[in-house]
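Subject: Structure handover

Hi,

Here is the structure I promised to pass on. Please load it before reading the notes below.

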Amino acid sequence: MFLFLLVAEPLAMTLKSQNDIQGIKIPGKHVITFCRYADDTTLTLANASSVKAAFQHVVKYEQACGLQINLKKTNGLHCKPSTASLNDLPPIPWTNLSLPLLGIVIGSPSGISSEWNRVLSRFKTEVKKLSAYTLTHNAKALLAKSKLLPLITYTAYIYPLSAHLRREISNKIENFIAGDSRLILLIDTLELPLNQGGYTVPNITLYCDILYVKPLAEYCQHRKEKTELTPACTLIEYNIGLQLSRLLSIPFRNYLPHAESPNQLYSHALVLCKKYNLSFEELRNFQTLAIYNSQIATKRNSNPTTTGTQWQNIHFSILPNNFCTFNYRSVWNTSPVMAKLHTPTPDGVTLCVLCHTRQETFSHLFFECPTTYSIWEYIYITSPNE
Ligand SMILES: [Zn+2]
């Protein structure tokens, strides 16, 4: 790899120094001709003649050093299509839609939504695959954190999740963790830490919201460090600059143009900033996990659980998982007894499976049913200490 970089550097220097190769000028006053990451090189050129000139240099370079472009893995993305100029361009596949660069799709909005669809379908397949196993809540929480959420994180860092995608992801994970809708254990309950009666399940809605607000970090950094306005920051300034400055108590910049009605993406980010009461410093030093943890702590402090149950006895480490689950469901009254499985009907489907005379509720089945009662009696009579 280092040898490759030593050889690749002269090519980069040559491309940079040529006057006939023009890069793309972006609003922050930079001109970008190419960017490189390890052995991936991306040329960003302003016109067809620059592309041709750059490829001529590449051909010369190939003859000189023997290193060659892998044409099978080379693609071109162009805007303002004109078929005449396309014919003269180097013989690589060209498109005017979108291209993935290092896993990030750039190009038309339809390319970005199809990228989201791809990510979402992978996510759904994974949820379906994991749902086929019988898992404890502990295992599900762990899988949601380590396997399911990371599938969306990378894309969500780059392109905000739309409202309906956030809801869809949230519902999928809730269903995966809480299980059968008729026996549902509320996700809010499952989210609690072990010592408060939960399973520390991730709060997926909060997690998605935090990823949504992430783009504002760069803007706050720019305001703090007074760096040059990048394209992303320009858009934020234009859409919600004034509202955000008011919210974060930083000086207004009235001299810049501002939109009358901001784009939905930005106005929603603003709503989330208000909802989670994020400070300027928190946004500037954006750390997903730190913000997530502090929001979770705030939420828990505002509704402390008052059940008074000794949760450590239920999550006791030497108890097998099925015992823990049984105890847990008993306390939250979510055991799958007949009275919970069926709505009471005159045909008696909710009757106790042991005595067939009364409705099968948790307390009937385990304490009041004549059959169970005789077991308690037997234990009571034979236990020498009682
Ligand atoms: Zn009974």
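What follows is a short tour of the findings, from domains down to single residues.

Please keep in mind that this is a predicted model.

Domains

The domain assignment splits the protein chain into four parts: domain 1 (2–96), domain 2 (107–212), domain 3 (227–285) and domain 4 (312–382). Take domain 1 and domain 4. Their C-alpha centres are 71 Å apart.

Helix H10

Start with helix H10, which covers residues 231–248. It has 18 residues, yet its end C-alpha atoms are only 21 Å apart. A straight helix would reach 26 Å at 1.5 Å a residue. Where is the kink in H10 centred? On Ile240, with an angle of about 80 degrees. Just after H10 comes Ser249, with a positive phi near 55 degrees.

Several residues of H10 are buried. They are Cys233, Leu235, Ile236, Glu237, Asn239, Ile240, Gly241 and Leu244. So Ile240, the centre of the kink, is on the buried list, as the cut-off of 20 or more other C-beta atoms within 10 Å defines it. The cover over these buried residues includes helix H9 (216–225) and helix H11 (264–275).

Leu244 and Val271

Is Leu244 in H10 buried or exposed? Leu244 is buried, because 23 other C-beta atoms lie within 10 Å and the cut-off is 20 or more. Leu244 and Asn321 are 77 residues apart along the chain, and their C-alpha atoms are separated by 48 Å.

Val271 makes a useful contrast. This residue sits in helix H11. Val271 has 13 C-beta neighbours inside 10 Å, so it counts as partly exposed. The exposed class stops at 12 or fewer. Val271 and Val213 are 58 residues apart in sequence, but their C-alpha atoms are 9.5 Å apart in space.

Nonpolar cores

The largest nonpolar core has 37 residues. Which of its members touch the most others? Cys208 and Leu216 do. Helices H4 (109–131), H5 (137–158), H6 (163–178), H7 (187–190), H8 (204–213), H9, H10 and H11 each supply at least two residues of this core. H8 gives the largest share, 7 residues. The core also crosses the domain assignment: domain 2 and domain 3 each contribute at least three residues.

Now look at Cys208 itself. Leaving out residues up to four places away in sequence, Cys208 touches Ala156, Leu161, Arg166, Ile169 and Ser170. There is also a second, separate core of 7 residues. Among its members are Leu15, Leu43, Leu45 and Val51. As background, nonpolar side chains in soluble globular proteins tend to be buried together.

Two hairpins

Strand E3 (residues 34–37) and strand E4 (residues 40–43) run antiparallel, joined by 4 bridges. Arg36 stands opposite Thr41 in E4. The two strands form a hairpin with 2 residues between them. In that turn, Ala38 has a positive phi of about 50 degrees.

Strand E7 (residues 98–101) and strand E8 (residues 104–107) also pair in the antiparallel sense, over 4 bridges. Here Pro100 stands opposite Val105 in E8. E7 and E8 form a hairpin with 2 residues between them. Leu102 in the turn has a positive phi of about 50 degrees.

If you open one view first, I suggest H10 with the kink centred on Ile240.

Best regards

Technical notes. Residues are numbered from 1 along each chain as its sequence is written. This is a predicted model: local features need pLDDT of at least 70, side-chain atom pairs count only at pLDDT 80 or more; totals for chains, interfaces and linings use all residues. Domain bounds come from an automatic or database domain assignment. The expected span of a helix is 1.5 Å times one less than its number of residues. The bend at a residue is the angle between axes fitted to the seven residues ending there and the seven starting there. Two residues are in contact if their C-beta atoms, placed from the backbone, lie within 7 Å. A nonpolar core is a set of buried Ala, Val, Leu, Ile, Met, Phe, Trp, Tyr and Cys residues joined through C-beta atoms within 7 Å. Two strands pair if DSSP finds at least two bridges between them.
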